[in-house]
Amino acid sequence: MSDYQWLRPVNLTLPDPDEDSFEFWEGLKQGRLLMQVCNICSQMNYPPMVMCSECGSFNFQWREIEGGGVLYSYVVTHQPIHPSLVDYTPFLTALIELDEGPRITSNIVNIQPEEAEIGMRLKLELFEVNPQITLPLFVREYVS
Ligand SMILES: [Zn+2]
């Protein structure tokens with residue numbers, strides 16, 4: 001088991017919740033990963049959007065999900081593409097396929113980039129940046 005700990009670049013910009021994503025970010029602050037679910041066709045939409053990507057409905061509810069999934073794809077960035085990333089490379093940007101279906105872009109915080117393997121089990125780990133923003137990050141799930 002790696003003892004690597006990801007560090008968030010301190011000056012990196014943060015999400016700016018809008019009216020479509022407000023519930024998602026509020027849920028994270030309360031320790032819950034909420035997905036927008038269409039009341040007409042049951043499609044789970046991520047990221048939250050104004051209109052269902054499947055059927056065009058504007059009628060949604062919010063459903064809490066576990067936050068487990070697998071690494072679907074990833075990229076390792078070696079160049080600091082923004083001044084706030086100097087001293088924070090290489091870093092891994094992951095596309096996680098959640099068990100419920102949606103794919104979410106995030107970071108895996110307990111492995112080195114070279115430890116990433118497509119299909120590895122991951123689980124949600126919340127990271128409170130400030131009282132307004134809690135990020136949905138992921139950790140490798142070690143199955144015994
Ligand atoms: Zn729909």
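The following questions and answers go through a predicted model of one protein chain.

Residues are numbered from 1 along each chain as its sequence is written. In this predicted model, local features need pLDDT of at least 70 and side-chain atom pairs count only at pLDDT 80 or more, while totals for chains, interfaces and linings use all residues.

Trainee: Into which domains is the protein chain divided, and how many Å separate their centres?

Mentor: The bounds come from an automatic or database domain assignment. They give domain 1 (18–65) and domain 2 (67–144). Taken over C-alpha atoms, the separation of the two centres is 21 Å.

Trainee: Which element supplies the largest share of the side of domain 1 that touches domain 2?

Mentor: Two residues are in contact if their C-beta atoms, placed from the backbone, lie within 7 Å. The contact takes nine residues from domain 1 and eleven residues from domain 2. On the domain 1 side, helix 1 (22–29) and strand 1 (33–38) each supply at least two residues; helices (H or I, at least four residues) and strands (E, at least two) are DSSP runs, numbered from the N terminus. The largest share, three residues, comes from helix 1.

Trainee: Which strand gives the largest share of the largest nonpolar core?

Mentor: A nonpolar core is a set of buried Ala, Val, Leu, Ile, Met, Phe, Trp, Tyr and Cys residues joined through C-beta atoms within 7 Å. The largest one has ten residues, among them Leu71, Leu92, Leu124 and Phe138. Two or more residues come from each of strand 5 and strand 7 (121–128). The largest share, four residues, belongs to strand 5.

Trainee: How many bridges join strand 4 to strand 5?

Mentor: Two strands pair if DSSP finds at least two bridges between them. One bridge links Val70 with Glu97 in strand 5. The two strands run antiparallel, and the number of bridges is eight.

Trainee: Which residue of strand 7 is the bridge partner of Gly69?

Mentor: Strand 4 and strand 7 pair in the antiparallel sense, over three bridges. In strand 7, the partner of Gly69 is Leu122.

Trainee: Is Thr89 buried, exposed or partly exposed?

Mentor: Thr89 lies in the loop between strand 4 (68–77) and strand 5 (91–98). A residue is buried if 20 or more other C-beta atoms lie within 10 Å of its own, exposed if 12 or fewer, and partly exposed in between, with C-beta atoms placed from the backbone. Because Thr89 has 14 other C-beta atoms within 10 Å, Thr89 is partly exposed.
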